[in-house]
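User: Can you walk me through this fold? Keep it short, please.
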Amino acid sequence: MLQNNKNYKSGFISIIGRPNVGKSTFLNRVIGQKIAIMSDKPQTTRNKVQGVLTLENSQMIFIDTPGIHIPKHKLGDFMLKVAKNTLREVDVIMFMVNAVEPRGKIDEYIMEMLEKNETPVFLVINKIDQVHPEKLVDIIESYTKKYDFAEILPISALQGNNVDKLLETIQSYLPQGPQYYPADQVTDHPERFIISELIREKVLHLTREEIPHSIAVVIDKIKKEEDTEKDMIRVSATIVVERDSQKGIVIGKKGALLKEVGTRARKDIEMLLGTNVYLELWVKVQKDWRNKSAHLKDYGFRDDEY
């Protein structure tokens with residue numbers, strides 16, 4: 001039964017920051033399973049990803065946003081708009097920065113953008129496991145002289161350092177409210193979205209710098225097989241690229257790379273669905289799809305939803 005009493009707290013928390021500061025790593029850690037893909041390439045997250053953390057006396061709905069960046073195509077415009085729009089009507093904003101990298105122009109832009117917002121803003125300094133503790137003083141001073149943050153919390157999303165303290169602090173800022181989602185629900189995204197993201201993550205990992213972010217994954221079919229001896233779900237998906245040369249890279253020599261993508265993705269999908277999975281992957285060229293509004297909508301980037 002959903003909680004709805006005067007002592008229960010609930011609210012929405014936006015995670016914002018430039019690309020590759022660890023937003024998805026943090027989200028996956030606090031939720032306890034993978035709902036956002038992780039990559040060391042910038043702009044991995046394209047849609048807003050909502051993760052739900054339900055505790056005994058509170059529920060936190062985290063919104064992981066695309067990294068703030070300078071758009072170079074219509075997909076980039078979409079991603080920036082998604083990130084900005086998540087700042088509306090949330091209870092806490094987590095401005096996450098990378099302890100390893102100095103404050104940059106994008107960080108300046110974000111702080112200027114936040115100046116117009118009355119929502120409490122936390123400065124969350126991630127990756128503290130990669131710097132000497134003495135450097136934290138300089139990092140904190142670098143940001144606080146530009147913005148008056150409600151809270152400052154250094155963490156390591158990867159190692160878990162200080163993450164519990166961050167959650168406790170967020171909870172103290174949340175208003176009294178209902179439990180919006182059932183206790184066992186960890187995201188508001190449908191399984192099709194998460195499956196497509198798991199496949200895209202494997203392509204990014206295996207192709208490294210050979211393939212830019214010109215990849216989309218479309219789930220063509222998810223069907224439970226009724227005539228097999230053991231439970232089996234058949235998933236058919238198409239990997240969309242922009243050029244013929246990219247198609248060759250994704251497929252690999254004698255199909256080796258595509259096979260490896262399928263093997264790795266299938267394991268994560270089986271963990272997600274809790275059953276055996278037969279995964280079929282196809283690769284299709286759709287030239288310059290990131291600059292075509294119709295294709296963006298077809299591949300799940302719907303501007304009218306934000």
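Analyst: One term up front: buried means under 20% relative accessible area, exposed over 50%, and partly exposed in between, with a 1.4 Å probe and protein chains only. This is a predicted model: local features need pLDDT of at least 70, side-chain atom pairs count only at pLDDT 80 or more, and totals for chains, interfaces and linings use all residues. Residues are numbered from 1 along each chain as its sequence is written, and side-chain values use heavy atoms, with hydrogens and water left out.

User: How many of the residues in helix 6 are buried?
Analyst: 13 of the 17 residues in helix 6 are buried, so the helix is mostly covered. Helices here are DSSP runs of H or I, at least four residues, and strands are runs of E, at least two, numbered from the N terminus.

User: And what should helix 6 span?
Analyst: Helix 6 covers residues 191–207 and should span 24 Å. The expected span is 1.5 Å times one less than the number of residues. Its end C-alpha atoms are 25 Å apart, which agrees.

User: Back up a bit. What's the overall make-up of the chain?
Analyst: The chain has nine helices and nine strands. Of its 306 residues, 51% are buried.

User: Which residues meet between helix 7 and helix 8?
Analyst: Ile249, Val250 and Ile251 in helix 7 meet Ala256, Leu257 and Leu258 in helix 8. Contact means heavy atoms within 4.5 Å.

User: What about contacts along the sequence?
Analyst: Take contacts in the chain between residues at least 6 apart in sequence: 74% of them join residues at least 24 apart.
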